Amino acid sequence: MRRPPNARALATICLAALALGVVAIAIPVASRAQDAGLYDAPIPADAGFIRVVAADGRAGATVEIDDRMLATGADGVSPYAIFKAGRYPAGGTELAVAAGSFTTLVLGADGRLAVLSDEPLASPKASGIHVYNLSAVPAVTLFAPEFGRTVVEDVASGTTKGRAFGEGALVLEVRAGDRSIATFPKRGINRRQAVSVIVTGTAEAPRAVLVDNTVVRR
């Protein structure tokens, strides 16, 4: 799963509007993985992909997996790292990595890990938008204000949802009921790409970031 977003011409706006009608894909737990370019370069057949997200959005949060250290960047998210299928020690637990799997490790402020299995897009012709509600807000919704349409609805605290998308340029807004948490400038989302919207913080002061899903090679 691998797909970093690039800007598209205004002609794609109509495509974007149509794409918002695509059937949503529910993601089991707070994490969604798609990645910048897994289709563009050969990946070992037995590879799995793991990233780390800080539940409080902090930079520099680390998880050691086997002999590798994954660290969150300024947005509180690390790229996906490639691991050969197998079992690895991770943060005081053992992590099973299956071939073709995508996993997000949510690191709490107390150092505990939540292991979330990400669902890759079923088709390389699609792109993906994924929302992770790691905040204390009971539910958040991702909205496309230009079109007056909901993109991903009612993502409960501690869970994630996503949807398949065509391609186009969108302004995206995170809402909690009638309250706006964050609005992101218009950006293009192309096929074989995906982005993650990650909401963290308290119910009174939630915050959100929009990141490209990327893979880093060792």
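This report describes strands, salt bridges and aromatic contacts in a predicted model.

## The open sheet

Five strands make up an open sheet with mixed pairing, and their order across the sheet is E9-E8-E2-E5-E18. The edges are taken by strand E9 (113-118) and strand E18 (215-216), and because each has a single partner strand, one side of each is left without a neighbour in the sheet.

At the E9 edge, strand E8 (residues 102-107) is joined to E9 by 6 bridges, and the two strands run antiparallel. Within this pairing, Leu 105 is found opposite Val 115 of E9.

## The E3-E4 hairpin

Strand E3 and strand E4 (residues 68-71) are paired in the antiparallel sense through 4 bridges, with Glu 64 standing opposite Met 69 of E4. The hairpin that these strands form has 2 residues between them, and in it Asp 66 adopts a positive phi near 60°.

In a regular strand, side chains alternate between the two faces of the sheet. Strand E3 (residues 62-65) shows such an alternation, for Val 63 and Ile 65 point to one face and are buried, whereas Thr 62 and Glu 64 point to the other face and are not buried.

## Salt bridges

The whole structure contains 6 salt bridges, and three pairs are described here. One of them joins the side chains of Asp 110 and Arg 112, with an N to O distance of 3.6 Å; Asp 110 and Arg 112 are both exposed.

In another salt bridge, Glu 146 meets Lys 186, and the closest N and O atoms are 3.0 Å apart. This pair links distant parts of the chain, since Glu 146 belongs to the loop between strand E11 (139-144) and strand E12 (149-156), while Lys 186 belongs to strand E15 (residues 179-189), 40 residues apart. Glu 146 is partly exposed, with a relative accessible area of 44%, and Lys 186 is likewise partly exposed, at 37%.

Strand E15 also supplies Arg 187, which forms a salt bridge with Asp 212 in which the closest N and O atoms are 2.5 Å apart. Because Asp 212 lies in strand E17 (residues 206-212) and Arg 187 in strand E15, the pair ties together parts that are 25 residues apart in sequence. The relative accessible area is 31% for Asp 212, which is partly exposed, and 22% for Arg 187, which is also partly exposed.

## Aromatic contacts

The count of aromatic pairs comes to 3. In one of them, the rings of Phe 49 and Phe 102 have centres 4.6 Å apart and planes at 15°, so the pair is stacked. Phe 49 lies in strand E2 (residues 47-54) and Phe 102 in strand E8, and the contact therefore ties together parts that are 53 residues apart in sequence. Both Phe 49 and Phe 102 are buried, and together with Tyr 80 they form one aromatic cluster.

Phe 83 and Tyr 88 form an edge-to-face aromatic pair, with 5.4 Å from centre to centre and 65° between the planes, and both residues are buried. The ring of Phe 83 has a further contact, in that the charged end of Arg 68 sits over this ring, 4.4 Å from its centre. A contact of this kind is also found at Phe 143, where the charged end of Arg 175 sits over the ring, 3.8 Å from its centre.

Conventions
Residues are numbered from 1 along each chain as its sequence is written. This is a predicted model: local features need pLDDT of at least 70, side-chain atom pairs count only at pLDDT 80 or more; totals for chains, interfaces and linings use all residues. Side-chain values use heavy atoms; hydrogens and water are left out. Two strands pair if DSSP finds at least two bridges between them. Buried means under 20% relative accessible area, exposed over 50%, partly exposed in between (1.4 Å probe, protein chains only). A salt bridge is a side-chain nitrogen of Lys or Arg within 4 Å of a carboxyl oxygen of Asp or Glu. Rings of Phe, Tyr and Trp (its six-membered ring) pair if their centres lie within 6.5 Å; planes under 30 degrees apart count as stacked, over 60 as edge-to-face and the rest as tilted. A charge sits over a ring if NZ of Lys or CZ of Arg is within 6 Å of the ring centre and within 35 degrees of the ring normal.
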